[in-house]
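User: Please take a close look at one part of this model, the largest nonpolar core and the helix packing around it. Which residues and helices build it?

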Amino acid sequence: MANFRTHITLAAVGGGFLAYAGFKAQWWPPEQSLVVCVLTAFGGILPDIDADHSRSNRLIFTLLAVPCLVLAAVLLQPWLSPAALLGACVGVYVGVRYLCGVLFSRLTVHRGGWHSLLAAVLCTLAAAALSFHWLAQSAWLAWSHGLAVLTGFLIHLLLDEIYSVDLEGGRFKRSFGTALKLTDGRRPASSLLMLIATLTLIPWLPPWGVLGSLLSQGADWWR
Ligand SMILES: [Zn+2]
């Protein structure tokens, strides 16, 4: 399988291409090109969140711990003394960065449900919903953010499959077909949970019509 550096580098290259296309076609302001590029690179390491002790898992939970710490500081600040607030913030950081990271990788199987197209859709919709509702971005930008995550995610799954082909030996490795799959058929309960989580996001999504215009403009630009 491809390693962390290959995944993040190629996803960043894909993100750079996407950002350039969006910049040239004036789909978003110039500063958003950087956001799109970073989100694509993030999507490119996202599937390996399921791997025990992986750099992707550590990096993703470090990135998640920072906004959680800021949120805890803002919410708890009126109620706690400075010393107690500092203790609570350290607790939140350690809890998210280490406890959640270890728990997540223990509860998931590498190349299981998180290496699937269903997981790609879940992360795409979660990014669009977060951007639209939590960060109050326009529907156009929110869908752009979601599509950037999707692009990185798909680059990762494709790379994992490419690395499953032993070109010298002219054969497929055992891992072939475990990344670019619709869903994890061997674990129907966790796949069903993932599907429910995906469907739950629907009321929080930006309008679908905006996604349609974004995709048709993308197709026009490509032609
Ligand atoms: Zn992978």
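Analyst: What follows starts with the core, moves to two helix pairs, and ends with single residues.

This is a predicted model, in which local features need pLDDT of at least 70, side-chain atom pairs count only at pLDDT 80 or more, and totals for chains, interfaces and linings use all residues. Residues are numbered from 1 along each chain as its sequence is written.

First, the core. A nonpolar core is a set of buried Ala, Val, Leu, Ile, Met, Phe, Trp, Tyr and Cys residues joined through C-beta atoms within 7 Å. Buried means 20 or more other C-beta atoms within 10 Å of the residue's own; exposed means 12 or fewer; partly exposed lies in between; C-beta atoms are placed from the backbone. The largest nonpolar core holds 37 residues. Ala120, Cys123, Ala128, Val149 and Phe153 touch the most other members. Two or more residues come from each of helix H1 (4–24), helix H2 (30–45), helix H5 (117–134) and helix H6 (139–162). H6 gives the most, with twelve residues. Helices are DSSP runs of H or I with at least four residues, numbered from the N terminus.

Next, the pair H5 and H6. Their axes come within 8 Å and cross at roughly 155°. Axes are lines fitted to C-alpha atoms, for helices over the stretch in contact, and angles run from 0 to 180 degrees between N-to-C directions. H5 and H6 are therefore roughly antiparallel; that label covers angles over 145 degrees, while under 35 is roughly parallel, 65 to 115 roughly perpendicular and the rest oblique. The crossing of H5 and H6 is right-handed, the near helix being turned clockwise from the far one by less than a right angle. On the H5 side, the contact includes Ala120, Cys123 and Ala128. On the H6 side, Val149 and Phe153 are among the residues. By class, this contact has 16 nonpolar, four polar and no charged residues. Ala, Val, Leu, Ile, Met, Phe, Trp, Tyr, Cys and Pro count as nonpolar, Asp, Glu, Lys and Arg as charged, and the others, Gly among them, as polar.

Ala128 deserves its own line. Beyond neighbours within four places in sequence, Ala128 is in contact with Ala142, Trp143, His145, Gly146, Leu205 and Pro206. Contact here means C-beta atoms, placed from the backbone, within 7 Å.

Now the pair H1 and H2. Their axes come within 7 Å and cross at roughly 150°. That makes H1 roughly antiparallel to H2. This crossing is right-handed too. The contact of H1 with H2 has 13 nonpolar, nine polar and no charged residues. Buried residues of H2 include Val36, Cys37, Leu39 and Phe42. The buried residues of H2 pack against H1, H3, H5 and H6.

The loops joining these pairs come next. Gln26 is found in the loop between H1 and H2. Ala136 is found in the loop between H5 and H6. Phi is near 60° at Gln26 and near 55° at Ala136. Most residues other than glycine have a negative phi. Gln26 counts as exposed, with 9 C-beta neighbours inside 10 Å. Ala136 is exposed as well, with 8.

Last, Asn57. Asn57 sits in helix H3 (residues 55–76). Asn57 is buried, with 21 other C-beta atoms within 10 Å. Leaving aside neighbours within four places in sequence, its contacts are Asp48, Ile49, Ala51, Gly101 and Ser105. The C-alpha atoms of Asn57 and Leu46 are separated by 8.0 Å.

How values were computed: Two residues are in contact if their C-beta atoms, placed from the backbone, lie within 7 Å.
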